[in-house]
Amino acid sequence: MQTDAVHQSQFVVLNESTTPVLSRLSYHAEEPFAVTVAFRTERGRWIEWTFARDLLVDGIDEPAGLGDVRIRPDLSEDEDFLTLEIESPDGYASFELEVEDVRTFLDASYELVPLGEESAHFDVDGLIEEISNV
C-alpha cells in the first residue's frame, strides 16, 4: 500500500504547562514544501499551523525561522529536545519535540518527496487553478 502522507502524533507540553496536549506533525506529498503541526484543544478541535519543511530540517541543528514559526534547539535544556515557537496576533505558544521523533518524521517525508526535489512534485497549474477559483 502506497501513501502520499506522513503523520506523527505525540503528547507535548505547551508553554511549560503541567498538562500534556496531543499534537500531530503531518506532511502531504501534494504540498511538498510544507509541514503542518496541529494541537488538539480541550473541545476536540484541532488548531493547525503550516510552515516550510526546510525550517524543520534546519531547526534540528541550529535556530531557524524569523517569522511566526521558529525552531530553537538552543532553548531546550536537554539536547534531545528542540523548542518550536509559534506566534500570532492572538498569542504565543512554545513546546518541545524530541529530536529523534522529528528526524523519524522527516525521514518518512523524504521517502515521499526527497529533500531538494520538492519542485518536481509541486503542481503549479493546480495552484493557479485553485487561486483563480476563489
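**Entry 1: strands β6 and β7**

I began with β6 and β7 in this predicted model, where 8 bridges join the two strands. I noted that they run antiparallel. Between them lie 2 residues, and together they form a hairpin. For one position I looked up the residue facing E85, and found S94 of β7 opposite. As general background I recorded that strands of a sheet pair through backbone hydrogen bonds, either parallel or antiparallel.

**Entry 2: the sheet around this hairpin**

I then asked which strands make up the open sheet here, and in what order. The sheet consists of 3 strands, ordered β5-β6-β7, with antiparallel pairing. Its edge strands are β5, residues 69–72, and β7, residues 91–98, each of which pairs on one side only. From one strand to the next, I read an average twist of 20 degrees.

I followed the other pairing of β6, which spans residues 81–88, and found 4 bridges to β5 in the antiparallel sense. Within this pairing, R72 has T83 of β6 as its bridge partner.

I also looked for what lies across these strands. Helix α2, residues 99–112, lies across β6 and β7. Relative to β7, helix α2 runs at about 85 degrees.

**Entry 3: strands β3 and β4**

I turned to an earlier pair of strands. β3 and β4, the latter covering residues 46–52, pair in the antiparallel sense over 7 bridges. A38 stands opposite E48 in β4. The two strands form a hairpin with 5 residues between them, and there G44 takes a positive phi near 85 degrees.

**Entry 4: aromatic rings and a charge over a ring**

I asked how many aromatic pairs the count comes to. The count is 1 aromatic pair. Its rings belong to F39 and F95; the centres are 4.7 Å apart and the planes stand at 85 degrees, so the pair is edge-to-face. The cut-off behind that label is a plane angle over 60 degrees. Because F39 lies in strand β3, residues 34–40, and F95 in strand β7, the pair ties together parts that are 56 residues apart in sequence. I checked both residues for accessibility, and F39 and F95 are both buried.

I noted one arrangement of a charge and a ring as well. The charged end of R24 sits over the ring of W46, at 4.1 Å from the ring centre.

**Entry 5: R53 and S109**

I looked up R53 next, which lies in helix α1, residues 53–59. Is R53 buried or exposed? R53 counts as buried because its relative accessibility is 0%, and the limit for buried is under 20%. Leaving aside residues up to four places away in sequence, I listed its contacts: Y27, P32, F33, A34, V35, L106, S109, Y110, V113, P114, L115 and E118.

One of these contacts, S109, I examined separately. S109 has its place in helix α2. It too has 0% relative accessibility, and therefore S109 counts as buried. With the same neighbours in sequence set aside, S109 touches V6, Y27 and R53. I marked Y27 as a residue that appears in the contacts of R53 and in those of S109.

**Entry 6: L55**

I stayed with helix α1 for one further residue, L55. At 15% relative accessibility, L55 counts as buried. Which residues does L55 touch, not counting those up to four places away in sequence? I found A64, G65, V69 and I71. I also looked up L66, which is 11 residues from L55 along the chain; the C-alpha atoms of the two are separated by 10.0 Å.

**Entry 7: the chain as a whole**

I closed with the totals. The chain has 4 helices and 7 strands. From the N terminus on, I read the order of the elements as β-β-β-β-α-β-β-β-α-α-α. The chain holds 134 residues, of which 37% count as buried. Its exposed area is about 8600 Å², with 48% supplied by carbon and sulfur atoms. Taking contacts between residues at least 6 apart in sequence, I noted that 34% join residues at least 24 apart.

Notes:
Residues numbered from 1 in each chain as written. Predicted model: local features only at pLDDT ≥ 70, side-chain atom pairs only at ≥ 80, totals over all residues. Heavy atoms only, no water. Buried < 20%, exposed > 50% of the residue type's maximum accessible area, 1.4 Å probe, protein only. Contact = heavy atoms within 4.5 Å. Areas by Shrake-Rupley, 256 points an atom, 1.4 Å probe, with all protein chains shown as cover. Pairing = 2+ DSSP bridges. Axes fitted to C-alpha atoms, helices over the stretch in contact; angles between N-to-C directions. Phe/Tyr/Trp six-rings, centres within 6.5 Å; stacked < 30°, edge-to-face > 60°. Lys NZ or Arg CZ within 6 Å of the ring centre and 35° of its normal.
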